[in-house]
Amino acid sequence: MIVRTGIMRRRPDMDLDAFKRHWREQHGPLAAKMPGLRRYQQNLVIDRSQLAIDHARGGWDVDGFSQLWFDNIEAMRATTKTPEFAPTVPDIDRFVGEIKLVVCQPNVVLPLKEDPGTLIKRMSILRRRSDIDAARFRDEWFGFHAEAVSRFPGIAGYTQNLVIDRGADLYNSAPYEKVPIDGIVEMWFPNQATLESAFHSSAADISQRHALDFIAEITTFLVKPYTVV
């Protein structure tokens, strides 16, 4: 499986409620018709603070993350040539002011063991240090760092999404400099108090010291997920 993730800012003339409403009620049903789509989740940003972490934050201003799962990149690209895909393109302009696209390889470190509707979800955008190449970033993140984060007390789920392609638009790839993202983190906790406590634990001290070795920026958000497919 791969996950095509859209990192979105709403149109400047649209408030957050209108953005959410169009995304859920108009765009969601359109995108759900795309052949080859295995799963589709909308994640509305509800908090933009650098919650519970002391690390350099990037300049990302985000209102939502879309996540669309396909069997592979070929299946994703084939979908863009179908008649079901065509109406989604002009509809994006009706509620999105800016969108950056990444294709991710998910690494499920801690599977969810309970209904995600009862949990809070935290998503983070990662950019690697300039002296760390993509292969080293992957090794550090999927290796020691994954093990360290999995030991956070109270954590209910943890998925790493390694960026393997970047989109200049819905059809074409883009160079790293246009979309300087290396990974997207998904973490779930029972509540915000547990999240904050976990990031003040000894396990978090270990993971955050290690993060300084290979991550330049961690930009965190709390999101409200909505499953379309």
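A salt bridge is a side-chain nitrogen of Lys or Arg within 4 Å of a carboxyl oxygen of Asp or Glu. The exercises below concern a predicted model.

**Exercise 1. Decide whether the contact between the side chains of Arg-48 and Asp-63 is a salt bridge, and place the two residues in the structure.**

Solution.
Step 1. The side chains of Arg-48 and Asp-63 meet at 2.4 Å, N to O. The limit is 4 Å, so the pair qualifies as a salt bridge.
Step 2. Both Arg-48 and Asp-63 belong to the loop between β2 and β3, so their contact ties together parts that lie 15 residues apart in sequence.
Step 3. Burial is assigned under 20% relative accessible area, and partly exposed residues fall between that value and 50%. Asp-63, at 4%, is buried, whereas Arg-48, at 33%, is partly exposed.
Step 4. The two residues also belong to a network of salt bridges that links Arg-9, Arg-10, Arg-48, Asp-61, Asp-63, Glu-98 and Lys-100. The whole structure contains 17 salt bridges.

**Exercise 2. Determine which elements are joined by the salt bridges Asp-165 to Arg-77 and Glu-217 to Arg-127.**

Solution.
Step 1. The side chains of Asp-165 and Arg-77 form a salt bridge of 3.2 Å, N to O. This pair links distant parts of the chain, with Asp-165 in strand β6 and Arg-77 in helix α2 (residues 73-79), 88 residues apart.
Step 2. Asp-165 is buried at 14% relative accessible area, and Arg-77 is partly exposed at 39%.
Step 3. For Glu-217 and Arg-127 the N to O distance is 3.0 Å. Glu-217 is in strand β8 and Arg-127 in strand β5, so the contact ties together parts 90 residues apart in sequence.
Step 4. Arg-127 has a relative accessible area of 24% and is partly exposed.

**Exercise 3. Trace the order of the strands in the barrel and describe how they pair.**

Solution.
Step 1. Eight strands close into a barrel in the order β1-β3-β2-β8-β5-β7-β6-β4, with antiparallel pairing. Neighbouring strands are turned by 35° against each other on average, direction ignored.
Step 2. Strand β1 (residues 2-10) is joined to strand β3 (residues 64-70) by seven bridges, and Gly-6 stands opposite Ser-66 in β3.
Step 3. Strand β5 (residues 120-128) has β8 and β7 on either side of it in the barrel order. Seven bridges connect β5 to β7 (residues 183-189), where Phe-189 is the bridge partner of Ile-120.
Step 4. Eight bridges connect β5 to β8 (residues 215-227), where Thr-219 is the bridge partner of Ile-125.
Step 5. Seven of the nine residues of β5 are buried, so this strand is largely enclosed by the rest of the structure.

**Exercise 4. Describe how helices α1 and α4 lie across the strands, and identify the buried residues of α4.**

Solution.
Step 1. Helix α1 (residues 16-31) lies across β1, β2, β3, β4 and β8, at about 175° to β2.
Step 2. Helix α4 lies across β4, β5, β6, β7 and β8, at about 170° to β6.
Step 3. Helix α4 (residues 134-149) bends by about 30° at Trp-141.
Step 4. Trp-141 is one of the buried residues of α4, together with Phe-137, Glu-140, Phe-142, His-145, Ala-146, Ala-148 and Val-149. An α-helix has 3.6 residues a turn, so residues three or four places apart point the same way.
Step 5. The buried residues of α4 pack against β4, β5, β6, β7, β8 and helix α6 (202-211).

Methods: Residues numbered from 1 in each chain as written. Predicted model: local features only at pLDDT ≥ 70, side-chain atom pairs only at ≥ 80, totals over all residues. Heavy atoms only, no water. Buried < 20%, exposed > 50% of the residue type's maximum accessible area, 1.4 Å probe, protein only. Helix = DSSP H or I, 4+ residues; strand = E, 2+ residues; numbered from the N terminus. Pairing = 2+ DSSP bridges. Bend = angle between axes of the 7 residues up to and from the residue. Contact = heavy atoms within 4.5 Å. Axes fitted to C-alpha atoms, helices over the stretch in contact; angles between N-to-C directions.
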